[in-house]
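Visitor: Please take a close look at a single part of this model and go through it residue by residue. A connected account would suit me better than a list.

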Amino acid sequence: MESSGNPLHLKSLNHVSLICRSVKKSLYFYQTVLGFCPIRRPDSFGFDGAWLFNYGIGIHLLQSDDPDQMPKITRINPKDNHISFECESMETLEKKLKEMEINYVKTRVEEGGIHVDQIFFHDPDGLMIEICNCDNLPVIPLTEDSVQSCSRISCNVKQQKQQQIQQVLEINQ
């Protein structure tokens, strides 16, 4: 029977691919700033790149064919396309970004007395990164049909993350 809440039978988000001016600079950033670990990448690709993994998600860095034609880094705008990570301590995060001399913008969202703090900054190629304490804000499905699929997904996500971490550990041994 076709699931109306998951017509493609998706299991999880696997990775995000990012085109880079310099894979080397981006690899350094994602490792030292965001804590991603390099993982094995198939040798059969005909272009430069690197794969990283952490927090249950992969990031695939792809070398641009024409780095000089990539869009220039602009001001930090929280409404730009971005990827978001949750953190344990916004205070520690802000302190570390200052130590690393990374420019950022800090915002706060309030909903029903719940506060979500957000910090936005750029990777070396201008991709916006958000780090937040978004887990303060509950996920509330908009329809009753969503309730079943959302709760089913959240149960599967923990198992999938554990399996992905185990696979990465086995590959790196």
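**The disulfide and the elements around helix α2**

Guide: The S-S bond between C132 and C134 has a torsion of about -125°, so this disulfide is left-handed. The model is a predicted one. The sulfur atoms of C132 and C134 lie 2.0 Å apart, and a search of the whole structure finds one disulfide. In general terms, such a link is a covalent bond between the sulfur atoms of two cysteines. The two partners differ in exposure: C132 is buried, with a relative accessible area of 0%, whereas C134 is partly exposed at 25%. Two further cysteines can be placed in the same way. C20 has 1% relative accessibility and counts as buried, while C37, at 39%, is partly exposed.

From here the account moves to helix α2. The helix covers residues 90–99, and M90, L93, E94 and L97 are buried in it. These four residues span an arc of only 95° around the axis, and therefore sit on the same side of α2. The general background is that an α-helix has 3.6 residues a turn, so residues three or four places apart point the same way. E91 and K95 are exposed, on the other side of α2. What the buried residues of α2 pack against is a set of strands: β6 (105–111), β7 and β8 (128–132). Just after the helix, E101 adopts a positive phi of about 55°.

Helix α2 also holds a salt bridge, formed by the side chains of E99 and K96 with an N to O distance of 3.9 Å. E99 and K96 are three residues apart in the helix, which means that about one helical turn separates them. K96 is partly exposed, and its relative accessible area is 43%.

Strand β7, one of those packed against by the buried residues of α2, comprises residues 114–122 and includes H122. H122 is buried, because its relative accessibility is 13% and the cut-off for buried is under 20%. Beyond its neighbours within four places in sequence, H122 contacts F29, I73, T74, R75, I76, L127 and M128.

The remaining salt bridges to describe are those of D117 and D125. The structure holds four salt bridges in total. As general background, side chains of opposite charge can pair when their charged atoms come close. One salt bridge brings the side chains of R108 and D117 together at 2.7 Å, N to O. Its two ends are unlike in exposure: R108 counts as exposed at 52% relative accessibility, but D117 counts as buried at 15%.

Another salt bridge joins D125 to R21, with 3.5 Å between the closest N and O atoms. D125 belongs to the loop between β7 and β8, and R21 to the loop between β1 (15–20) and α1 (23–32), so this pair ties together parts that are 104 residues apart in sequence. D125 is buried, its relative accessible area being 12%. R21 is partly exposed, at 23% relative accessibility.

Notes:
Residues numbered from 1 in each chain as written. Predicted model: local features only at pLDDT ≥ 70, side-chain atom pairs only at ≥ 80, totals over all residues. Heavy atoms only, no water. Helix = DSSP H or I, 4+ residues; strand = E, 2+ residues; numbered from the N terminus. Buried < 20%, exposed > 50% of the residue type's maximum accessible area, 1.4 Å probe, protein only. Contact = heavy atoms within 4.5 Å. Arc of directions from axis to C-beta. Disulfide = S-S within 2.5 Å.
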